[in-house]
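The following exercises are to be worked with the sequence and the model side by side. Each task is followed by a stepwise solution.

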Amino acid sequence: MSGNLWSIPLQTTNFNIVVAFLGGFISIFGLVSYLLKENYYLSEALISLLAGVAFGPHGADFIRPRDYAECAEFPESCDFDLNAITLNFSRLVLGVQLVLAGVQLPSKYLVREWKSLSLLLGPGMTCMWLATSLLVWALAGQPPFLHALAIGACVTPTDPVLSAVIVKGKFADHNIPQDLQYLITAESGANDGLGYPFLFLALYLIKFTGAAA
């Protein structure tokens, strides 16, 4: 039986390629991440983006999203399937980062710093939403302002993946107080869910007042 094991050909399926690539990338990046982050100030997000471009369909073509969506067999649903794969994978990455953000905070941090967080998540997010919506409205050819409000609600919450770049590493340790690091981490983890009220408010206004309002 053991002799027949090696007679089974190694299938280079998309699943095997993705698993091998992810495992290899994580292993190699783990070996050099400290050097890249501490000496060259390169973030994990930027390095992962460059690796995705290099090994994606426009590079080495190891990662083939169109094959995962079976675009050759079902071309009519290709775009829908690609968007669904991208959306769900992004949600997975965001969920993992939110868990990491919560783990990094000290014990009972939310109880002790509820005033600071309430200020950032209440008036702070509201001002950011309105300011972002005004920028979208002004720079995107002045679309209907309600549409700008919906887009602004999507980009207002701080991305916990990118905020981690600010609060971790040698540069952050030397230039950002630890209390501020914790506050940014907590705010970036809490505001993703709190962005929904702004989005739903804009969508309901669009629905009940008309798209051209």
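**Exercise 1.** In which helix does Q181 lie? Determine also whether Q181 is buried or exposed, and list the residues that Q181 touches.

*Solution.* The model is a predicted one.

Step 1. Q181 belongs to helix 11, which covers residues 178–194.

Step 2. The relative accessibility of Q181 is 11%. Buried means under 20%, so Q181 counts as buried.

Step 3. When residues up to four places away in sequence are not counted, Q181 touches V167, A172, D173 and I176.

**Exercise 2.** Describe the secondary structure of the chain and establish why the chain is described as more spread out than a compact globule.

*Solution.*

Step 1. Twelve helices and zero strands are present in the chain.

Step 2. The radius of gyration is 22 Å, whereas the globule rule gives 17 Å for 213 residues; the value for the chain is well over that of the rule, and the chain is therefore more spread out than a compact globule.

Step 3. Along the principal axes, the C-alpha atoms fill a box of roughly 70 × 50 × 30 Å.

Step 4. Of the 213 residues, 23% count as buried. The chain exposes about 14,600 Å², and 70% of this area is supplied by carbon and sulfur atoms.

Step 5. Among contacts between residues at least 6 apart in sequence, 64% join residues at least 24 apart.

**Exercise 3.** Characterise the largest pocket: what is its volume, and which helix gives the largest share of its lining?

*Solution.*

Step 1. The volume of the largest pocket is about 1,600 Å³.

Step 2. Its lining consists of 35 residues, and those nearest the centre are L22, S48, L49, F89 and V93.

Step 3. At least two lining residues come from each of helix 2 (14–39), helix 3 (44–55), helix 4 (65–68), helix 5 (78–104) and helix 9 (160–167). Helix 5 provides the largest share, twelve residues.

Step 4. By residue class, the lining of the largest pocket comprises 25 nonpolar, seven polar and three charged residues.

**Exercise 4.** Carry out the analysis for the second largest pocket: what is its volume, and which helix gives the most to its lining?

*Solution.*

Step 1. The second largest pocket has a volume of about 480 Å³. It is lined by 15 residues, with L94, C154, P157, D192 and Y196 the closest to its centre.

Step 2. Helix 5, helix 8 (145–155) and helix 12 (196–209) each contribute at least two lining residues; helix 5 gives the most, with four.

Step 3. The lining of the second largest pocket divides into nine nonpolar, three polar and three charged residues.

How values were computed. Residues are numbered from 1 along each chain as its sequence is written. This is a predicted model: local features need pLDDT of at least 70, side-chain atom pairs count only at pLDDT 80 or more; totals for chains, interfaces and linings use all residues. Side-chain values use heavy atoms; hydrogens and water are left out. Buried means under 20% relative accessible area, exposed over 50%, partly exposed in between (1.4 Å probe, protein chains only). Contact means heavy atoms within 4.5 Å. On a 1 Å grid over the protein atoms alone, a cavity is a set of points where a 1.4 Å probe fits but cannot get out, and a pocket is an open set with protein on both sides within 12 Å along at least five of seven lines; lining residues have an atom within 4 Å of a point. Grid points are joined across faces, edges and corners, and a volume is the space filled by probe spheres set on the points. Ala, Val, Leu, Ile, Met, Phe, Trp, Tyr, Cys and Pro count as nonpolar, Asp, Glu, Lys and Arg as charged, and the others, Gly among them, as polar. The radius of gyration is taken over C-alpha atoms; the globule rule is 2.2 Å times the number of residues to the power 0.38. Accessible areas come from the Shrake-Rupley method with a 1.4 Å probe; for residues, only the protein chains shown count as cover.
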